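Got your viewer ready? Let's take a walk through this one, a stop at a time.

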Amino acid sequence: MNQTDIQAPTVAKTQPGAEILLRALKDEGVEVIFGYPGGAVLPIYDAIFQQNAIRHILVRHEQAAVHAAEGYARSTGRVGVVLVTSGPGATNAVTGLVDALMDSIPIVCLTGQVATHLIGNDAFQEADTTGITRPATKHNYLVKRGEDLARVVHEAFYVARSGRPGPVVIDLPKDILIGQAPYAAKSEQPHRSYRPRTAPDAEQIARAVALLKSAKRPIIYSGGGVINAGDRASEALVRLGRKSGFPITSTLMGLGAYPSNDPQFLGMLGMHGTYEANMTMHDCDVMLNVGARFDDRVTGRLNAFSPDSRKIHIDIDPSSINKNVRVEVPVVGDAGLALEAIIEAWDNDPTVPDTAALAGWWQQIEVWRAVKCLKFTQTTAKGGIIKPQHAIQRLYDITRELGRETYISTEVGQHQMWAAQYFRFDKPNRWMTSGGLGTMGYGLPAAMGTQIAHPDALCIDIAGEASILMNIQEMATLAQYRLPVKVFILNNQYMGMVRQWQELLHGSRYSESYSEALPDFVKLADAFHGVGMRATSIDQLDDVIRAMLAEPRAVIADICVDQTENCYPMIPSGAAHNDMILGPEHGPGLRNGGASGVTDEGLGLV
Amino acid sequence: MSTIEAAIRSATISVVVENEAGVLARVIGLFAGRGYNIDSLTVAPVDDGRGRSRINIVTSGTPMVIEQIKAQLSRLVPVHRVADLTQDGPHIAREMALVKVIGQGNARAEALRLADAFRARVVDASTESFVFEMTGQTEKLDAFVELMRPLGLAEVSRTGVAAMARGTRLI
Ligand SMILES: Cc1ncc(C[n+]2csc(CCOP(=O)(O)OP(=O)(O)O)c2C)c(N)n1
Ligand SMILES: [Mg+2]
């Protein structure tokens with residue numbers, strides 16, 4: 001007989017907290033941690049040193065660790081993991097946490113903390129991390145007893161990924177990491193209090209379908225929630241689109257859930273959305289919002305937002321429903337499950353949709369589409385200046401020619417909006433951008449995290465020359481791990497988006513928005529062991545893009561573009577959807593004037 | 001209409017929470033961060049052996065805001081249940097106040113007489129002061145405090161509202 005069989009279950013085996021932590025991470029399926037060491041987390045780094053199951057990526061700034069984990073999470077659908085030290089390590093991570101909170105990205109962030117007996121004493125590198133991160137996270141924990149550690153880690157992963165995903169902080173005092181405690185396996189018990197509803201209510205689904213079938217001027221407005229709900233949700237969205245024949249628009253965060261090249265897709269909506277998407281939203285009679293949150297960048301002036309429509313809203317987070325906009329049919333649940341339920345109910349419902357009305361609606365939409373709101377003129381003359389839109393258009397065309405799996409991240413500004421408008425996505429999880437918080441400095445670390453998750457894919461950060469400097473130190477991380485990320489800078493020598501608002505709303509007084517004393521990005525790439533390239537005129541553009549994509553190392557491509565270009569179409573803050581400003585291609589633009597019709601109230605908005 | 005202009009209503013909301021560190025800060029932070037009103041807030045463990053506390057909040061806002069408050073509270077991880085006592089049916093709400101009145105002569109006698117009429121109890125007395133204890137609805141306490149003002153009202157300490165549904169209904 002085996003010895004162990006007759007042994008009574010005696011005292012539980014114990015191990016140091018740091019080992020418990022790594023064991024719990026492994027049990028949660030973690031493969032990569034993005035982190036930066038310091039005194040309070042040395043026991044964890046010691047444990048990392050002594051194992052091989054989990055890979056640690058050493059970033060160069062804690063903010064970048066969180067953005068990298070966001071890129072990893074968003075491109076894989078898994079939870080991203082971050083490890084930082086106490087005090088400044090934790091405070092540096094805060095921007096990333098809020099970014100993940102706003103965009104509903106699942107992150108578990110482990111922060112070091114001073115020993116429990118020192119907490120509250122202003123000890124060296126002590127910060128009230130749970131206090132500081134309370135409004136920056138979905139939830140946070142301070143582990144005060146070793147025996148709670150494993151349970152808290154498992155719970156943190158559950159909370160981060162369940163319901164509406166988000167960042168979770170676990171604050172780990174040093175004595176807990178050193179002290180011995182028993183391990184606890186993942187519990188099969190449901191969480192005591194947090195059990196978000198995922199299955200939609202059948203009655204609401206029936207009401208939704210009745211409303212959809214009665215529509216004469218419908219639209220589907222999809223958001224980041226569809227991406228978060230996984231491939232199944234995107235597939236269901238496509239099926240519903242095909243089945244219904246309805247037009248579809250997407251938020252910035254939702255791009256890729258529905259293939260952009262499909263004729264039913266109207267492009268992005270909102271402040272810099274397409275004319276056709278915004279007009280369709282404004283004039284529709286039935287709106288199906290799935291996984292979007294009626295954000296102010298999308299709705300424009302609330303009391304003029306889609307005034308005549310009856311609205312259905314699918315969201316996993318009940319607090320998103322009826323927050324800004326009253327809806328008629330609220331559906332709480334997972335976007336994928338809800339869309340599948342709608343498709344099933346649609347099939348079982350004998351009502352025939354009004355196809356004649358729908359055809360008329362499409363005629364109207366085609367009229368709006370014919371405005372070609374995204375058109376621009378690119379000179380082809382030798383030495384001609386590069387239009388930023390054209391640079392992205394070519395980047396898109398050439399990556400498509402190559403046929404490689406491509407992931408795009410962005411920084412924040414005009415280039416971000418142009419990327420959303422001109423780069424087209426036909427699969428979910430390929431587009432990483434900071435939507436809710438609008439964090440400059442997001443794109444490079446996000447591309448880095450994405451590249452870690454997809455080593456063979458093409459990972460490109462479409463950047464602005466100002467934003468890229470906010471986390472430029474990550475070029476060193478790229479070099480260390482030989483990550484062939486491509487940084488594609490649309491260098492307009494301005495904080496272009498700021499300059500645009502100053503031009504349109506502040507009498508062209510360009511206060512502090514010029515990118516003075518820029519580094520030489522080609523030399524900068526070189527200094528960071530990467531490859532620098534530059535295109536200053538249109539005849540060089542394609543060659544630089546091709547060389548960049550062919551280069552096996554990390555690249556910074558400095559694309560010098562038109563400094564005066566503005567991002568259109570644009571709904572000025574506080575205006576209605578049918579009150580868009582179109583670009584200079586569409587008659588007298590606003591290049592010399594202010595945004596007419598912008599009220600003081602609108603000026604007060606961001 | 002997309003937005004609604006509606007009358008402000010008052011709501012008494014009870015929240016059952018996991019009795020853990022930081023839970024009150026989460027609730028208060030939610031109200032502060034999102035600009036909701038707190039007219040009164042009470043919290044105490046209501047131990048049924050499961051480590052839970054009950055928070056009672058009196059707040060006010062448009063119906064849409066009140067719905068938002070409830071939804072926001074419900075999605076906090078350590079929150080078990082949220083009940084809108086004002087909306088869900090008849091309920092009782094009580095608070096307790098300690099009211100110190102300092103004075104002599106007629107004013108003092110009048111204070112005592114009014115306290116009696118309001119069924120306030122004298123829980124402390126000196127030759128120049130009384131401390132009254134009074135339990136009741138917020139409005140009744142307000143009225144009593146107002147009456148004491150000209151009679152030497154010196155200090156007030158109130159508990160905030162504890163509330164519960166009438167009848168067999170549970171939160
Ligand atoms: C951390 C941070 N600081 C400030 C801003 C405000 N902001 C938004 S866009 C922008 C300019 C970005 O300039 P650049 O990266 O060159 O992009 P461009 O608009 O020129 O394409 C600024 C300063 C921000 N979004 N994030
Ligand atoms: Mg710029």
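Below is a short list of things to select, with what you'll find at each stop.

Before you click, know that this is a predicted model, where local features need pLDDT of at least 70, side-chain atom pairs count only at pLDDT 80 or more, and totals for chains, interfaces and linings use all residues. Residues are numbered from 1 along each chain as its sequence is written, chains are lettered from A and ligands numbered from 1 in the order in which they are written, and side-chain values use heavy atoms, with hydrogens and water left out.

**Stop 1: chain B**

Select chain B and show it as a cartoon. You'll see five helices and nine strands; helices (H or I, at least four residues) and strands (E, at least two) are DSSP runs, numbered from the N terminus. Follow chain B along its sequence and the order is β-α-β-β-α-β-α-β-α-β-β-α-β-β. The C-alpha trace of chain B spans about 60 × 45 × 35 Å along its principal axes.

Now switch on the surface. Chain B exposes about 8,800 Å², with carbon and sulfur atoms supplying 53% of it (Shrake-Rupley method, 1.4 Å probe; for residues, only the protein chains shown count as cover). Of the 171 residues in chain B, 40% are buried, where buried means under 20% relative accessible area, exposed over 50%, and partly exposed in between (1.4 Å probe, protein chains only).

**Stop 2: a strand with two faces**

Hop to chain A and select residues 329-332, strand β14. Which side chains point to the buried face? A:Val329 and A:Val331 do, while A:Pro330 and A:Val332 point to the other face and are not buried. Add residues 310-315 to bring in strand β13 of chain A, which runs parallel to β14(A) and is joined to it by four bridges (strands pair if DSSP finds at least two bridges between them). One to find: A:Ile314 has A:Val331 as its bridge partner.

**Stop 3: aromatic rings**

The whole structure holds 17 aromatic pairs over all chains. Rings of Phe, Tyr and Trp (its six-membered ring) pair if their centres lie within 6.5 Å; planes under 30 degrees apart count as stacked, over 60 as edge-to-face and the rest as tilted.

Select A:Phe294 and A:Phe305: this pair is edge-to-face, 5.7 Å centre to centre with 80 degrees between the planes. Both A:Phe294 and A:Phe305 are buried.

Next, pick A:Phe376 and A:Tyr422, whose ring centres are 5.6 Å apart with planes at 80 degrees, so this pair is edge-to-face. The two are 46 residues apart, with A:Tyr422 in helix α17 of chain A.

Last, select A:Tyr396, A:Phe423, A:Phe425 and A:Trp431, which form one aromatic cluster.
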